[in-house]
Amino acid sequence: MLSINTFAQSKIVFDKTVHDFGDINEIDGEADVIFDFSNPGNKPLILTSVKASCGCTTPNWSTDPVAVKEKGFIQVSYSTKNRPGPFTKTISVRTNGTPQVLLLTIKGNVIPRPKGPKDWYPMEIGNLRFKTTHVVFGNILNTEKDTLSTIIYNQSELPVKLKFDEVKVPEYIKVWGSADKVSPRDTVTLYISYDAAMKKDYGYLFEFFQLPTNDMSTPRKRINISSHIKEDFSKVEDSGTQPIVVFDKDVIDFGVMKALDKVKGSFTITNNGTAELVIRKVKASCGCTATKPQKTQLAPGESTKLDVTFSAGNYNREVTKTISIVTNDPKNAEKTLSIKANVKSNEEN
């Protein structure tokens, strides 16, 4: 009996372990293949694990034990959507028999689907599509002005009027178009100019405006604008005297605190340079953090406190918030400080 139990073993034998789909169309969505296998052993076969090498490949398989001399299957589906070009993927199969681990392979070449307006203008608002609805000016000096654009496409059967004269924006932003009407299946270029010198601000900035139209579906189109205004130090760097900002620490850890409580702390800011240090801007990452420097102008050698108040809210986890500091130090104009706390909910307390 010991000898018989020793040699009782399941086996897995596939009709094939590699399948080549050849050329398949992306527009078809999925390509499927079934790998059939048999159990020529003398013990029921169990597939203990079937895992694909990536999320684009989905396996389905025989979950019941496969009896001796019986057959089972592993079905593999490959998603072609947004995956043009050649591919090779593997499926790892683990069993209670021989072999314990083996690989199945699928390969092929996905023929790209024809591109159209939905690809060229992916953002949809009502009957209009946009190349982008978020115009990013990126890094821009506080002495510069820049103009960017996006494209508007009319996917409807009726013309859509663009009411540029009704756009409400601050004076440092100008908005206009290559035309004030978009014909069906046609485009108009939307231009946006941004004058950082007029904005008179620093750091990362986000704002938006509404573009009124006569589109019956969502007539007002929201356009987002972001910029990161940096100070132009080209003249300061040649002067020989410069401020140098130094922080006593980068992080304040408030430790464990109760939900809804408030806690206070401070950072010390020192000017180690030879010219006046100006704290241009202090901005917290959320409204739960209040910050205020005691002074915003520091003579050489002078220090000040940046007071911080953190309101815990109803968190029940470790929380990290940031504070962005913008100064006129040419070599360290922007600094990010952090505050941390392990907030415990009232229920837990």
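Colleague: Is Ser-10 buried or exposed in this model?
Modeller: Keep in mind that we're looking at a predicted model. Ser-10 sits in the loop between helix H1 (2-6) and strand S1 (13-14). Anything under 20% relative accessible area counts as buried. Ser-10 has a relative accessible area of 0%, so the word for it is buried.

Colleague: Which side chain does the side chain of Ser-10 join in a polar contact?
Modeller: Leaving out residues up to four places away in sequence, Ser-10 touches several others, including Asn-39, Pro-44, Asn-96 and Thr-98. From that group, a polar contact of 3.1 Å picks out the side chain of Asn-96.

Colleague: Okay, Thr-98 came up there. What is the omega of the peptide bond from Thr-98 to Pro-99 near?
Modeller: Pro-99 is in the loop between strand S7 (85-95) and strand S8 (101-111). Most peptide bonds are trans. The bond from Thr-98 to Pro-99, though, is cis, with omega near -10°.

Colleague: Let's go for the whole chain. Why is the chain called more spread out than a compact globule?
Modeller: The chain has 3 helices and 27 strands. For 349 residues the globule rule gives 20 Å, and the chain is well over that, so it is more spread out than a compact globule: its radius of gyration is 32 Å.

Colleague: And what box do the C-alpha atoms of the chain fill?
Modeller: Here you go along the principal axes of the chain. Taken that way, the box is roughly 90 × 60 × 45 Å.

Colleague: What share of the contacts with a separation of 6 or more comes from residues 24 or more positions apart?
Modeller: One pair shows what a gap along the chain can look like in space: Phe-267 and Lys-305 are 38 residues apart along the chain, yet their C-alpha atoms are separated by 5.7 Å. Phe-267 belongs to strand S21 (residues 262-271), and it counts as buried at 0% relative accessibility. Over the chain, residues 24 or more positions apart account for a share of those contacts equal to 65%.

Colleague: On to the pocket. Which strands each supply at least two residues of the lining of the largest pocket?
Modeller: The largest pocket holds about 170 Å³ of space. Its lining includes Tyr-202, His-228, Lys-281, Ser-324 and Glu-334, and the residues divide into 4 nonpolar, 4 polar and 4 charged. The strands that each supply at least two are S17 (203-212), S22 (277-284), S26 (318-327) and S27 (334-344).

Colleague: Strand S26 also has Thr-327. Which residue has its backbone nitrogen 3.2 Å from a polar atom of the side chain of Thr-327?
Modeller: Thr-327 has 2% relative accessibility, so it counts as buried. Leaving out residues up to four places away in sequence, it touches Phe-233, Val-278 and Ala-333, among others. The backbone nitrogen 3.2 Å from its side chain's polar atom is that of Asp-329.

Colleague: Last one. What is the phi of Leu-260, and what about Arg-185?
Modeller: Most residues other than glycine have a negative phi. Leu-260, in the loop between strand S20 (251-258) and S21, is exposed with a relative accessible area of 57%, while Arg-185, in the loop between strand S15 (181-182) and strand S16 (187-195), is partly exposed at 45% relative accessibility. Both values of phi are positive: about 75° for Leu-260 and near 60° for Arg-185.

Notes. Residues are numbered from 1 along each chain as its sequence is written. This is a predicted model: local features need pLDDT of at least 70, side-chain atom pairs count only at pLDDT 80 or more; totals for chains, interfaces and linings use all residues. Side-chain values use heavy atoms; hydrogens and water are left out. On a 1 Å grid over the protein atoms alone, a cavity is a set of points where a 1.4 Å probe fits but cannot get out, and a pocket is an open set with protein on both sides within 12 Å along at least five of seven lines; lining residues have an atom within 4 Å of a point. Grid points are joined across faces, edges and corners, and a volume is the space filled by probe spheres set on the points. Helices (H or I, at least four residues) and strands (E, at least two) are DSSP runs, numbered from the N terminus. Ala, Val, Leu, Ile, Met, Phe, Trp, Tyr, Cys and Pro count as nonpolar, Asp, Glu, Lys and Arg as charged, and the others, Gly among them, as polar. Buried means under 20% relative accessible area, exposed over 50%, partly exposed in between (1.4 Å probe, protein chains only). A polar contact is a pair of N or O atoms within 3.5 Å; within protein, one must be able to donate a hydrogen and the other to accept it, and residues adjacent in sequence count only if both atoms are side-chain atoms. Contact means heavy atoms within 4.5 Å. The radius of gyration is taken over C-alpha atoms; the globule rule is 2.2 Å times the number of residues to the power 0.38.
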